[in-house]
Amino acid sequence: MENGECNGGTAARSPAIKFTKLFINGNFCDAVSGKTFETIDPRNEEVIAMIAEGDKEDVDLAVKAARFAFDHGPWPRMTGSERARLMHKFADLIDQNIEELAFLDAVDAGKLFGTGKMVDIPAVSARFRYYAGAADKIHGEVLKMTRPCLFGYTLKEPIGVVGIITPWNFPSANFAMKVAPALAAGCTMVVKPAEQSPLSALFYANLANQAGIPDGVINVVTGFGPTAGAAIASHMDIDKVSFTGSTEVGRKIMQAAAASNLKDVSLELGGKSPLLIFDDADIDRAANLALVGNFYNKGEVCVASSRVFVQEGVYDSFVKKLVEKARDWTVGDTFDPTARQGPQVDKRQFEKILSYIDHGKREGATLVSGGNAIGDKGYFIEPTIFADVTDDMKIYQDEIFGPVMSLMKFKTVEEGIEMANNTRYGLAAGIVSKNIDLVNRVSRSIRAGAIWVNCYYGFDADCPFGGYKMSGIGQDSGLEALHSYLHVKSVVTPLHNSPWL
């Protein structure tokens, strides 16, 4: 593995941080308490900006604004085509500010600036356009009632005020995945971005305001999970919570939703995704998929293929190829165009990953690549590969959320399936094989919400994404996500003297 200069260099042009306050009812404002917190650049451990620290009182104000906008404002009462027009305008503004948004996610979350410009931010605007296209196609259906004296139909109505809590690993993508379908449905919302990476959410709020999305429709409260996040989950005037994050916090949100007003809940939670490589696989392609599946976004991906199962016939040749390719996986500054991996998001995550690497060493796994921190400043870690991992090891069972890969060998197809399913999670899985019959069998046998065959990270705005088991409830993406922000209402009237039934 080659390591770039991990010295916290800056972009050629560093935009000023423009928005650091809460965004409530169309205005930026200080927290009621006046408190602020630091957001840190993970490249150099320096403070980027002081961010308003929202708390329960601020959430109450934001919910009040969102409730008024829903009950009395124009957004849910607009035609779908009018909402779509404003969403397209919002997307246009995102496209016009790609570089600045990519910069914010790079300095705030350690994401690669080039990837942000070329992939992440363009995908955000594309997602708003996708749901804008669906906004004027929301409708119920006429029912064929079994009782001939009744006429019935359904309506699909916006669910109301939505609380949205996003994670730190993909600040822009997760903002769009939740906000875009909620907007298209006609909902209003309070967004709490992760405290580690709040900057881009505030910038998006300003762009939405510029686009003409009415006051109170999108509110952003920055702050911490145990305070601002908990206030959203337990709020009596929020109709739905959509959360992406850890399974541990997902449980707390579900409990708070149940203990308050039994609000609807969507949860996209943890993962420990398997990648199964069969004897007939193209080894070069398989090694590339394993590297990208594990180390893309420095391993801070909920669907990272952190458990790689290799059939015994190709195991040795695969490991050799994988280690060769890992040497060329460059770790460096987020603004270095040659870097493929930047710093971990913060000190806490950095130390957590290193502790798991120590566990792997102590528990008897074989370290074949990486395993160390890089440099004396910033949160950089070598992409790390362990072989001879067993299912009783912590690195096998726990979601590490970092650049750590576990390699295991299997003999038969049945054994591979059993090993892949030996986890409490079920978010995604990958299969590498040229045999379509094998692929069909295995994809139907693995208990996970997304199966990627001879590819990885097959995300798309039109493709539903959600987990099995302890990986969550509900779907992000696709029309399924739009429907999750809608209530179905049945309307029945008497039918008198109809000439037909």
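# Close-up views of a predicted model

**Figure 1. Arg85 and Glu82 form a salt bridge, with their closest N and O atoms 2.8 Å apart.** The model shown here and in the other views is predicted. Both partners belong to helix 2, residues 80–96. Arg85 and Glu82 are three residues apart in that helix, so about one helical turn separates them. Arg85 is partly exposed, with a relative accessible area of 45%. Glu82 also counts as partly exposed, at 28% relative accessibility. Side chains of opposite charge can pair when their charged atoms come close. The structure holds 24 salt bridges.

**Figure 2. A salt bridge joins Asp284 to Lys325.** The N to O distance is 3.1 Å. This pair links distant parts of the chain. Asp284 sits in helix 9, residues 283–295. Lys325 sits in helix 10, residues 315–326. The two residues are 41 residues apart. Asp284 is partly exposed, its relative accessible area being 33%.

**Figure 3. Lys298 and Glu300 make a buried salt bridge.** Their closest N and O atoms are 2.6 Å apart. Lys298 is buried, and Glu300 is buried as well.

**Figure 4. Salt bridges link Arg67, Asp71, Asp237 and Asp239 in a network.** The view takes in these four side chains: one Arg and three Asp.

**Figure 5. Phe350 and Tyr379 form a tilted aromatic pair.** A search of the whole structure finds 23 aromatic pairs, this one among them. The ring centres of Phe350 and Tyr379 are 5.5 Å apart. Their planes meet at 45 degrees, so the pair counts as tilted. The pair links distant parts of the chain, with the two positions 29 residues apart in numbering. Phe350 lies in helix 11, residues 347–362. Tyr379 lies in the loop between strand 15 (373–374) and strand 16 (380–381). Both rings belong to buried residues: Phe350 has 13% relative accessibility, and Tyr379 has a relative accessible area of 7%.

**Figure 6. Tyr457 and Phe459 stack within an aromatic cluster.** The two rings are 6.5 Å apart, centre to centre. The angle between their planes is 15 degrees. Tyr457 is buried, with a relative accessible area of 14%. Phe459 counts as partly exposed, at 39% relative accessibility. Ring pairs tie both residues into a cluster that also includes Phe170, Tyr296, Trp452, Tyr456 and Phe465. Tyr457 is found in the loop between strand 21 (450–453) and strand 22 (468–469). The phi of Tyr457 is near 55 degrees, a positive value in a residue other than glycine.

**Figure 7. Phe401 has a positive phi.** The value is near 60 degrees, in a residue other than glycine. Most residues other than glycine have a negative phi. Phe401 occupies the loop between helix 12 (394–397) and strand 18 (404–410). At 15% relative accessibility, Phe401 counts as buried.

**Figure 8. Basic side chains lie over tyrosine rings.** The charged end of Lys240 sits over the ring of Tyr485, 5.2 Å from the ring centre. Arg307 lies over the face of Tyr396, at 5.2 Å from the centre of that ring.

**Figure 9. Strands 5, 6 and 24 form an open antiparallel sheet.** The order across the sheet is 5-6-24. Strand 5 (142–143) and strand 24 are the edge strands, and each pairs on one side only. Strand 5 pairs with strand 6 (residues 150–158) over two bridges, in the antiparallel sense. Leu143 stands opposite Gly152 in strand 6. Strands of a sheet pair through backbone hydrogen bonds.

**Figure 10. Val142, Phe151, Leu495 and Leu501 form a nonpolar surface patch.** Together these residues have about 360 Å² of accessible area. Leu495 lies in the segment after strand 24 (486–494). At 30% relative accessibility, Leu495 counts as partly exposed.

Definitions and conventions
Residues are numbered from 1 along each chain as its sequence is written. This is a predicted model: local features need pLDDT of at least 70, side-chain atom pairs count only at pLDDT 80 or more; totals for chains, interfaces and linings use all residues. Side-chain values use heavy atoms; hydrogens and water are left out. Patches are made of residues with over 30% relative accessible area and no salt bridge: like charges are joined within 9 Å, nonpolar side chains (Val, Leu, Ile, Met, Phe, Trp, Tyr) within 5 Å. Accessible areas come from the Shrake-Rupley method with a 1.4 Å probe; for residues, only the protein chains shown count as cover. Helices (H or I, at least four residues) and strands (E, at least two) are DSSP runs, numbered from the N terminus. Buried means under 20% relative accessible area, exposed over 50%, partly exposed in between (1.4 Å probe, protein chains only). Two strands pair if DSSP finds at least two bridges between them. Rings of Phe, Tyr and Trp (its six-membered ring) pair if their centres lie within 6.5 Å; planes under 30 degrees apart count as stacked, over 60 as edge-to-face and the rest as tilted. A charge sits over a ring if NZ of Lys or CZ of Arg is within 6 Å of the ring centre and within 35 degrees of the ring normal.
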